[in-house]
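Trainee: Could you take a close look at one part of this model for me? I would like to follow the charged side chains and the strands they sit on.

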Amino acid sequence: MGVTVDVHQVYKYPFEQVVASFLRKYPNPMDKNVISVKIVEEKIDESTGIIYRKRIAICQNVIPEILRKSLSTLVILCWKKVSILKVPSIQLEEESWLNPQGRNMAIRSHCLTWTQYASMKEESVFRESVENPNWTEFIQRGRISITGAGFLNCILETFAGTFLRQGAQKGIRIMEMLLKEQCGAPLAE
């Protein structure tokens, strides 16, 4: 089945400032779930000027202990595997394509942990706002689907969807705070 979460935000700051803040956003004391972010590949397409980056984020395992225990019991009964959910951290891969001349950046990310049981994918875009060229529009669609946990699939997907929505809102608050610190008050209409 799966859960989809859509986010739309307009930052009243220029594209270049928003993208720079996004690339520096984590780790951040306002979100202790993101432990580290490391660039593993970066290259510039000389013909287009597009900057490609691949980053790996290490995040805390946020599945509540009660769900971990319930799922571990189910896993023991069904597959005889015990340690799937007991990992302390998870890995996310993010790929981005920054087009400075076109003033847009496309981002795709997915979870590298638990891929045989869960799929978490996000697609995002930062682009110049149609309302005001000095503002930046952010659009994100995330999808989570769980398989292999039987009747607990729905419970886990509900938890994951709630966590994804809250995480997106927290990310927006962090971006607004970073932008305000680095650039001052938002631009007026």
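Mentor: In this predicted model, E42 is partly exposed, at 47% relative accessibility. The side chain of E42 meets that of R53 in a salt bridge, 2.9 Å from N to O. R53, by contrast, is buried, because its relative accessible area of 11% falls under the 20% cut-off. E42 lies in strand β2 and R53 in strand β3, so the salt bridge ties together parts that are 11 residues apart in sequence.

These strands belong to an open sheet of 7 strands, in the order β1-β7-β6-β5-β4-β3-β2, with antiparallel pairing. Strand β2 (34–44) stands at one edge and β1 (3–11) at the other; each has a single partner strand, so one side of each lacks a neighbour in the sheet. On average, neighbouring strands are turned by 15 degrees against each other, direction ignored.

From β3, move on to β4. Strand β3 (residues 51–60) and strand β4 (residues 89–99) run antiparallel and are joined by 10 bridges. In this pairing, I51 stands opposite L98 in β4.

Strand β4 also carries E95, whose side chain meets that of R108 in a salt bridge of 3.6 Å, N to O. R108 lies in strand β5, so this pair ties together parts 13 residues apart in sequence. Here E95 is buried, with a relative accessible area of 15%, while R108 is partly exposed at 42%. Elsewhere, salt bridges that share partners join E16, R103 and E128 into one network. The structure holds 10 salt bridges.

Terms used: Residues numbered from 1 in each chain as written. Predicted model: local features only at pLDDT ≥ 70, side-chain atom pairs only at ≥ 80, totals over all residues. Heavy atoms only, no water. Pairing = 2+ DSSP bridges. Helix = DSSP H or I, 4+ residues; strand = E, 2+ residues; numbered from the N terminus. Axes fitted to C-alpha atoms, helices over the stretch in contact; angles between N-to-C directions. Salt bridge = Lys/Arg side-chain N within 4 Å of Asp/Glu carboxyl O. Buried < 20%, exposed > 50% of the residue type's maximum accessible area, 1.4 Å probe, protein only.
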